[in-house]
Protein chains: 2
Amino acid sequence: MYICKNIFEVVTQSEENYLKAIYHLGKQGRVSVSTNAIAEKMETKASSVTDMLKKLADKNLVNYKKYQGVNLTEEGRLTAASVVRKHRLWEVFLVNKLNFSWDEVHDIAEQLEHIKSKRLTDEIDALLGFPTHDPHGDPIPDKNGNIVKNHSVNILEIKTGDEGILTHVKDSSDVFLKYLNKNNLALGDKIKVIDIEPFDNSIKIEAKAKEMIISKNVAKNLYLNL
Amino acid sequence: MYICKNIFEVVTQSEENYLKAIYHLGKQGRVSVSTNAIAEKMETKASSVTDMLKKLADKNLVNYKKYQGVNLTEEGRLTAASVVRKHRLWEVFLVNKLNFSWDEVHDIAEQLEHIKSKRLTDEIDALLGFPTHDPHGDPIPDKNGNIVKNHSVNILEIKTGDEGILTHVKDSSDVFLKYLNKNNLALGDKIKVIDIEPFDNSIKIEAKAKEMIISKNVAKNLYLNL
DNA sequence: ATTAAAATTTAGACTTATCTAAAAATTTAT
DNA sequence: ATAAATTTTTAGATAAGTCTAAATTTTAAT
């Protein structure tokens, strides 16, 4: 008897979440991702991560060698990209088609990203007009897992007097987004760097014809297109 | 230390599926629903059902007495109705807002019905214009778990010569729906009973100015508003 | 009213995903 | 280069949900 598991192999939600974490951590430059980094990101224990990495390796979704960290196989990368694609498309849906604001969509998208239907994903994609970025400016992988290259630069790297369009926020937590809401800052806004304070790296900016001061911690999360 | 579990009690997907099964079986007239009936509906074993019934009883979602079957508590009924509500709203969404046909939506709705966000459900409800019925004519419970009363009657109970509007199909399986598609029958069609064959209860009907013969098994699933 | 059949429950086992505590390997610091 | 600190893995346990097989209860039939 010959049962070809691979073809009908199902990836569980938990596995998808691990793949997504590895995908995100892998983007941060690292060649291989450490067990501890995954554990921290997923708010779980390193031992649980080890268990899962073995399972993912068995399924050919990651390359894993004891004590050496992991990286995604091509199959794993595509699976992870598909989850990220769904997450970000659903976020756009919630904001553009329903009445959610950008700080309210993350938790719901975390659930919706696991819905298994290629057709549904593509229909939502079409309904939204094939968006390339989610409400936080994060790029949406296409059907083949490819993303458009991002040209935005962090506001801390911009010279005094220069200006750009706010296109991406790195931190998508609702606390940070609510801060931006409160200060009337949104994607698409034209922002000018008025002054950088050397003492604490706080920045005086101009947006919507008003001046304000943002801390270094805030600045670290704002990316502009020049 | 005093931890109030009840308030933050989470209902798992599996529990939701059992509640839904009991909800549907309970509608079929029965006062209490048997273990075997649930097992059959859920395509699982009676022993698994027993295990789950105990758990649901612990959570006050069903009234359960050994060997006596179960019925839903008020809390269980509301939970089940909420799942059914979400299922049917998502079906409407898939058909009305995306390009799915009524025979393609069930499996996706089975996944979407478990998304936990009251706000999302209500936003979808509003987007769709507060529909009262899903694409198969099944009633959609409102926020309080109430459904509009159905006045449709089975086509087998209609006299020769009478006519009505097709408003509900009992069987929502894709085989049956594809049969209706193939024969160009859809909800909203005006159907006239031309003749009933006493031998096998097949019925000659007129729809869209064309005559056709449907078997008793098909007829059992068609409900009209007179 | 017994007995046979059917339905239901119990007991014990398995899988997945998780955890803690201890052991092993790797990295860092002296 | 060796010891100390850190990271990672292993071993063993737990909980949810499922299963099979056996035991029990209920229902149906004579």
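Through which surface do the copies, chain A and chain B, meet? They meet through the same surface, because 100% of the interface residues of chain B are also interface residues in chain A. This is a predicted model, where local features need pLDDT of at least 70, side-chain atom pairs count only at pLDDT 80 or more, and totals for chains, interfaces and linings use all residues. Residues are numbered from 1 along each chain as its sequence is written, with chains lettered from A and ligands numbered from 1 in the order in which they are written.

**How the copies are related**
- Chain B lands on chain A after a rotation of 180 degrees with 0.0 Å of shift along the axis (RMSD 0.0 Å), superposing by least squares on C-alpha atoms of residues with pLDDT of at least 70 in both.
- The two copies are thus related as by a two-fold rotation axis.
- In chain B, Leu112(B) has the C-alpha nearest the axis, at 3.8 Å.

**Where the chains touch**
- 12 residues of chain B are in contact with 12 of chain A (C-beta atoms, placed from the backbone, within 7 Å).
- On chain B's side, helix 6 (106-112) and helix 7 (118-127) each give two or more residues (helices are DSSP runs of H or I, at least four residues, numbered from the N terminus).
- That side splits into six nonpolar, three polar and three charged residues (Ala, Val, Leu, Ile, Met, Phe, Trp, Tyr, Cys and Pro are nonpolar, Asp, Glu, Lys and Arg charged, the others, Gly among them, polar).

**Around DNA strand D**
- Of the 20 residues around the strand, Ser34(A), Asn36(A), Ser47(A), Thr12(B) and Ser47(B) come nearest (near puts the C-beta atom, placed from the backbone, within 6 Å).
- Helix 4 of chain B gives the most to this surface, with five residues.

Technical notes:
Contact = placed C-beta atoms within 7 Å.
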